Structures are given as structure tokens and as C-alpha cells.
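Colleague: I'd like to go through a model with you, feature by feature. Could you show me how you read one?

Modeller: Sure, put it on the screen and ask away.

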Amino acid sequence: MTSTPGRLLRLLLRLLGAWRSFLAPFCGRRAAAPLAPPPAPRPPVPVSVNYHLTRRCNYKCGFCFHTATTSFVLPVANARRGLALLKQAGMEKINFSGGEPFLPERGEFVGQLVQFCKQELKLPSVSIVSNGSMVTERWFKRYGEYLDILAVSCDSFNEEVNVLIGRGQGKRNHVEKLQKLRGWCRHYGVAFKINSVINRFNVEEDMNEQIQALNPVRWKMRDSYLILDEYMRFLNCTNGRKEPSRSILDVGVENAIQFSGFDEKMFFKRGGKYTWSKADMALEW
């Protein structure tokens, strides 16, 4: 039986429809796009930095971790550049420490950095931790307006105990100098803070009465900071040692801070950020 052209055409159309139905599940499917890699974690923001600008000290406190293994101090221009990098990375508070920060150039070095951070970088808070022995009223007259907080180390109000701890300096009296510093801070508008380390020599001493009389804005016995050494390297303290990163002057803040071991969440949880600008404090001079 011969097929007519019309019958052949209808047969071809049915075959084509069946073929399209078979291919339909596969047609229109696109290859799955590769999964994007997870975003890199944001580096910690160095909101508050503790810059140990020198390891040298004129005291010999037995518990101090930053002993004088080197007398290196950065040139002031390099220190300013590093501080500007930290400000760009989000720093709001800088604390100058040591060693004794008033040793280099008898306080001129730290004074210039204090002025730079407050006047040029406009940091909300600029502070210093010092044993107080080398601070003079002349320094306050020149740099006091740029300093928010002076924290003075005081572990005992008994001078004999201070000598045992390592804060003795011959005829100089640490407690008497502390009283002078309190008066200068009040006169020149600098918030006064006391740092104490509890140790075997002072563990039984009740210092509350003397602390209340001095009326510091803060009495710190333990806290955590993002630590920068004299080469501007972050120190990683997580394993019980002080392992340095590369200097922020060489690799930048974001690269260096990755190796700092800094726990940003714990910093805020412990109250690491507080009212640290004297402009925001209700101070009773």
C-alpha cells in the first residue's frame, strides 16, 4: 500500500513530537554554577592599641614581662607613620607604655607622639602607663592638654613593700611621687588612673582607703590589650609566649594583626572599651 505525501508528513510530525517530549526534561537544564568560596574573615579592628615603645626601665619589678632585652626605639618619624596606619585601620585609643615610656629623651619622645595622636590624628583617647618616677610638671605644661589619661603603676602604699617589689629608687619615694602626680593631673586636666599588680608582697595589703583618697577614674588590676612592641609588631600571647608578627611598617596593619592572636569579641566582653576620652568624662578636678 503506497503512502501519500500527506500521510508521510503526519507521521513525521508525530515522530518529531514524541522526540521533543523525550528531550524536554533535558532541554533547558543549565550546568550548575560553581559554588563561590566563603568570604575571607574580616581582620580584627585595632580599636585600642597598647604600644610598648621601649623595653628599658629604671625600675626592676620582678613580675614585669617587658624587660630590657634591647634599647631600641623607633625614630619618631617612623613611629608617627605607624600610628597613622593604625588610625586608618580603625584605632580609636592609643596607650603608650614600656618599659618606662618617659625614658627616651626624658619624656620628649612620648610627648611628641601624644601631641601627634591628639592634634594630627584626632584620636578620641591618648593615654600613658608610667611608673611616674620621671614625669615632671614641665612635661604637663607642654603636653598635658593632649593627654586624656595618665595611668601610674602603684602596687603598694608601703614604701618598704615597693622596694621589695622593685619600685625602689634610692632616696626617691614612690608613694610621695604618686601624690604629686595626682595633683598635676588635677591641675592640668588629665584623668588619673592607677594600675596595680597583685603579687606575693602585697597580696594581704588593703589599699582601698588610699585609692579612695586619690580618687582615680579607673583602678585596673587586670585587663587585655592589643600589644605592639618597640618595632611595631603585634605580640601573640595566646600560647603563653610573646610571639611577634611582622612590623606594621613593613606589611601593613591588616596583615600583621592576623598573627596577633587578638580576640576582638573577648575585648568588648571584658569591657575593653569604656569612656576613655577626658572630654566625655564628668571629672571632678
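Colleague: Let's start with a single residue. Where is the place of Ser133?

Modeller: Ser133 sits in a loop, the one between strand S3 (125-130) and helix H4 (137-143). Keep in mind that this is a predicted model.

Colleague: Is Ser133 buried or exposed?

Modeller: The cut-off for buried is under 20% relative accessible area. Ser133 has 11%, so it counts as buried. Its side chain also has a polar contact, 2.7 Å, with the side chain of Asn131.

Colleague: Before we go further, what is the mean pLDDT of the protein chain?

Modeller: The mean is 80, and 71% of the residues reach 70 or more. Where pLDDT is low, the predicted coordinates should not be read in detail. Here, helix H10 (residues 264-269) has the lowest mean among the elements, 58, while helix H3 (residues 108-120) has the highest, 98.

Colleague: And the overall make-up? How many helices and strands are there?

Modeller: The protein chain has 10 helices and 9 strands. Of its 285 residues, 45% are buried. Look at the contacts with a separation of 6 or more, too: 72% of them are between residues 24 or more positions apart.

Colleague: Now the interior. Which residues touch the most other members of the largest nonpolar core?

Modeller: That core has 53 residues, and Tyr51, Leu83, Ile94 and Phe96 touch the most other members. H3 supplies the largest share of this core, with 6 residues.

Colleague: Take Ile94 as a case. What is Ile94 in contact with, leaving aside neighbours within four places in sequence?

Modeller: The partners of Ile94 are Val49, Tyr51, Leu83, Cys117, Leu123, Ser125, Val126 and Ser127. Note that Tyr51 and Leu83 are also on that list of residues touching the most other core members.

Colleague: H3 keeps coming up. How do I read a helix like that?

Modeller: Check its length, then its buried residues, then what they pack against. H3 has 13 residues and reaches 17 Å from its first C-alpha to its last, close to the 18 Å expected. Its buried residues are Phe109, Val110, Gly111, Leu113, Val114, Phe116, Cys117 and Lys118. They pack against strand S1 (48-52), helix H2 (76-88), strand S2 (93-97), S3 and H4. After H3 comes Lys122, with a positive phi near 60°.

Colleague: Let me try helix H6 (residues 174-188) in the same way. How far apart are its end C-alpha atoms?

Modeller: They are 21 Å apart, which agrees with the 21 Å that 15 residues should span at 1.5 Å a residue. The buried residues of H6 are His174, Val175, Lys177, Leu178, Leu181, Arg182, Trp184 and Cys185. Just after H6, Gly189 takes a positive phi of about 70°.

Colleague: What about cysteines? How many disulfides does a search of the whole structure find?

Modeller: A disulfide is a covalent bond between the sulfur atoms of two cysteines. The search finds 0 here. As for accessibility, Cys57 is partly exposed at 35%, whereas Cys117 is buried at 0%.

Colleague: Backbone next. Which peptide bond is cis, with omega near 20°?

Modeller: The one from Gly98 to Gly99. Gly99 belongs to the loop between S2 and H3. Arg106 is found in the loop between S2 and H3 as well, and its phi is positive, near 50°, in a residue other than glycine.

Colleague: Is Arg106 buried or exposed?

Modeller: The cut-off for exposed is over 50%, so at 68% relative accessibility Arg106 counts as exposed. Met232 also has a positive phi, near 60°, but Met232 is buried, at 0%. Look for Met232 in the loop between S7 and S8.

Colleague: One more from that loop. Which side chain does Glu230 join in a polar contact of 2.8 Å?

Modeller: Glu230 pairs with the side chain of Arg55. Glu230 lies in the loop between strand S7 (226-228) and strand S8 (233-236). With a relative accessible area of 1%, Glu230 counts as buried.

How values were computed. Residues numbered from 1 in each chain as written. Heavy atoms only, no water. pLDDT = per-residue confidence, 0-100. Helix = DSSP H or I, 4+ residues; strand = E, 2+ residues; numbered from the N terminus. Core = buried A, V, L, I, M, F, W, Y, C linked by side-chain atoms within 4.5 Å. Buried < 20%, exposed > 50% of the residue type's maximum accessible area, 1.4 Å probe, protein only. Contact = heavy atoms within 4.5 Å. Polar contact = N/O pair within 3.5 Å; in protein donor to acceptor, adjacent residues only side chain to side chain. Disulfide = S-S within 2.5 Å. Expected span 1.5 Å × (residues − 1).
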